[in-house]
Amino acid sequence: MKGIFLAALLSALIAVYASEKVVICYYGTWAVNRPGLGKFGVEDVNPYLCSHIIYAFAGINSDGAVIPLDVELDFGKDNYRNFTDLKKKNPNLKPMLAVGGWNEGSAKYSEMAADPAKRQNFILSALDIILDFQFAGFDLGWEYPNRRDTVHGVDDIENFTQLVKEMREEFDKHGLILTATVSAVEAAAAQSYNVSAISTYLHYVNLMSYDMHGSWDSVTGHNAGLHKGDSDEAIPREQLLTVDVAVEYWLREGCPPEKLVLGVPFYGRTFKLQSESNTGVRAPTDGAGIGGPYTGEVGYVGYNEFCAMLRSDPSWTIRRDFLANVPYAVNGLNWVSYDDPESIRDKVEYALEKDLAGIMVWSIETDDIHNICGGGVYTLLNVISDVLYENSCHFKRQEL
Ligand SMILES: *[C@@H]1O[C@H](CO)[C@@H](O)[C@H](O)[C@H]1NC(C)=O
Ligand SMILES: *[C@@H]1O[C@H](CO)[C@@H](O)[C@H](O)[C@H]1NC(C)=O
Ligand SMILES: *[C@@H]1O[C@H](CO)[C@@H](O)[C@H](O)[C@H]1NC(C)=O
């Protein structure tokens with residue numbers, strides 16, 4: 001009797017927390033093909049640490065129809081089904097499907113959004129997949145309207161709004177969630193979005209508040225500095241590439257805070273320095289630095305890969321930019337900007353201060369899921385969960 005009462009009380013408490021902050025986790029499903037400890041399949045997802053989990057990515061064809069990008073994995077090996085079955089472990093989890101991403105480019109999306117018939121095709125084909133596999137919603141990851149290989153240029157902005165509007169109308173008939181994942185800083189976002197208009201129709205706007213500096217620059221810089229850093233003194237505020245300036249832009253342009261989701265990177269950006277005697281922020285660089293053993297791409301390291309490197313090689317020096325609230329690490333000519341448990345904690349606290357909707361993660365498969373580095377399994381996701389729990393606004397806290 002007492003046990004039943006406690007269980008009821010507990011689930012009531014959980015229900016209260018359930019209406020609070022979101023943790024929207026992107027999952028890069030191709031990680032199932034990574035070697036060794038880098039391999040991450042649906043069975044490795046902890047379904048209790050995210051409120052929403054997003055399957056990356058589906059694509060589209062030239063008619064605008066949504067299609068699987070890896071037919072063998074998504075359909076053949078039942079990965080869509082296994083993914084949405086995560087709800088059987090945690091009924092509160094909302095598995096979603098994302099379309100787009102970097103590799104899809106912009107051209108097909110620009111054509112689709114500009115053509116009423118193709119838009120309809122896009123919406124109805126997305127709906128088919130969503131209802132078939134019982135996804136809880138859909139995420140628009142067009143990278144990006146009016147940029148890269150766009151076809152219709154500046155018209156993309158209003159056509160994207162139109163797409164989002166039509167899609168929301170259709171989704172409301174089925175109680176589905178609609179989100180978009182968007183470029184963050186003003187210089188990029190202002191080219192792509194009518195912020196107030198899309199914010200009206202989306203349930204959540206996931207801010208890609210990272211990739212602010214990387215090996216494409218000629219000097220070192222933070223991937224996702226929270227605030228103005230040590231070496232940003234001379235830069236006017238509106239030109240600063242920082243998380244807080246990006247958030248302020250989206251809020252100012254009319255995205256309601258309760259819809260804005262702060263993106264945090266579970267990866268770092270790497271640089272090659274020009275000189276071992278100039279190793280700070282804004283030091284001259286010479287292209288991309290190291291890559292990781294699993295992700296295998298220069299200029300980029302997963303948190304799981306980099307924390308292992310820091311542990312195994314004592315020649316790394318870790319420094320902290322206390323103004324920007326992020327660490328960076330130096331080893332000879334190698335320079336790496338990344339996020340660690342402390343910087344992730346600061347960002348979650350910042351999102352709470354601003355009363356944003358919650359946190360988005362790119363992406364869970366590069367968390368330290370095997371506790372290689374001693375921070376516990378799912379080191380970074382657990383930090384997010386801990387901070388929300390401490391502030392009584394976690395959706396649910398439960399160990400696997
Ligand atoms: C999906 O689950 C089925 C049944 O457990 C399993 O046989 C299959 O290998 C899984 N697919 C993937 C891609 O792991
Ligand atoms: C795309 O945007 C342009 C510019 O706003 C507009 O002229 C055109 O009608 C739009 N296409 C559709 C189908 O809405
Ligand atoms: C953004 O969309 C709103 C609502 O559709 C419209 O009134 C406004 O003119 C648009 N802004 C721009 C700059 O096009």
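**Figure 1. Surroundings of Ala 190 in helix H8 of the predicted model.** Ala 190 belongs to helix H8, which spans residues 186-192. With a relative accessibility of 41%, Ala 190 is classed as partly exposed, because this value falls between the limits of 20% for buried and 50% for exposed residues. When residues up to four places away in sequence are left aside, Ala 190 is in contact with Ile 157 and Tyr 249. Val 42 lies 148 residues from Ala 190 in sequence, and the C-alpha atoms of these two residues are 36 Å apart.

**Figure 2. The shell around ligand 1.** Leu 73, Lys 77, Asn 79 and Asn 82 surround ligand 1. By class, this shell comprises 1 nonpolar, 2 polar and 1 charged residues. Lys 77 places a backbone N or O atom 2.7 Å from a nitrogen atom of the ligand. The side chain of Asn 82 has an N or O atom at 2.4 Å from an oxygen atom of ligand 1. Of the 360 Å² that ligand 1 exposes when taken alone, the protein buries 42%.

**Figure 3. The shell around ligand 2.** The residues surrounding ligand 2 are Ala 114, Pro 116, Arg 119, Asp 155, Glu 158 and Asn 159. A polar side-chain atom of Asn 159 is located 2.3 Å from an oxygen atom of the ligand. On its own, ligand 2 has 360 Å² of accessible area, of which the protein covers 54%. In terms of class, the shell contains 2 nonpolar, 1 polar and 3 charged residues.

**Figure 4. Helices H6 and H7 at ligand 2.** Helix H6 (116-133) and helix H7 (155-172) each contribute at least two residues to the shell around ligand 2. The largest contribution comes from H7, which provides 3 residues.

**Figure 5. Phe 122 and the largest nonpolar core.** The largest nonpolar core comprises 109 residues. Within this core, the residues with the most contacts are Phe 122, Phe 138, Leu 140, Trp 250, Leu 381 and Ile 384. Contacts of Phe 122, excluding residues up to four places away in sequence, are formed with Ile 60, Gly 64, Val 66, Val 99, Met 112, Phe 138, Leu 140, Leu 163 and Met 167. A second core, separate from the largest one, has 8 residues, among them Val 301, Met 309, Ala 329 and Tyr 338. In soluble globular proteins, nonpolar side chains tend to be buried together.

Terms used: Residues are numbered from 1 along each chain as its sequence is written. Chains are lettered from A and ligands numbered from 1 in the order in which they are written. This is a predicted model: local features need pLDDT of at least 70, side-chain atom pairs count only at pLDDT 80 or more; totals for chains, interfaces and linings use all residues. Side-chain values use heavy atoms; hydrogens and water are left out. Helices (H or I, at least four residues) and strands (E, at least two) are DSSP runs, numbered from the N terminus. Buried means under 20% relative accessible area, exposed over 50%, partly exposed in between (1.4 Å probe, protein chains only). Contact means heavy atoms within 4.5 Å. A residue is near a molecule or strand if one of its heavy atoms lies within 4 Å of it. A polar contact is a pair of N or O atoms within 3.5 Å; within protein, one must be able to donate a hydrogen and the other to accept it, and residues adjacent in sequence count only if both atoms are side-chain atoms. Accessible areas come from the Shrake-Rupley method with a 1.4 Å probe; for residues, only the protein chains shown count as cover. Ala, Val, Leu, Ile, Met, Phe, Trp, Tyr, Cys and Pro count as nonpolar, Asp, Glu, Lys and Arg as charged, and the others, Gly among them, as polar. A nonpolar core is a set of buried Ala, Val, Leu, Ile, Met, Phe, Trp, Tyr and Cys residues joined through side-chain atoms within 4.5 Å.
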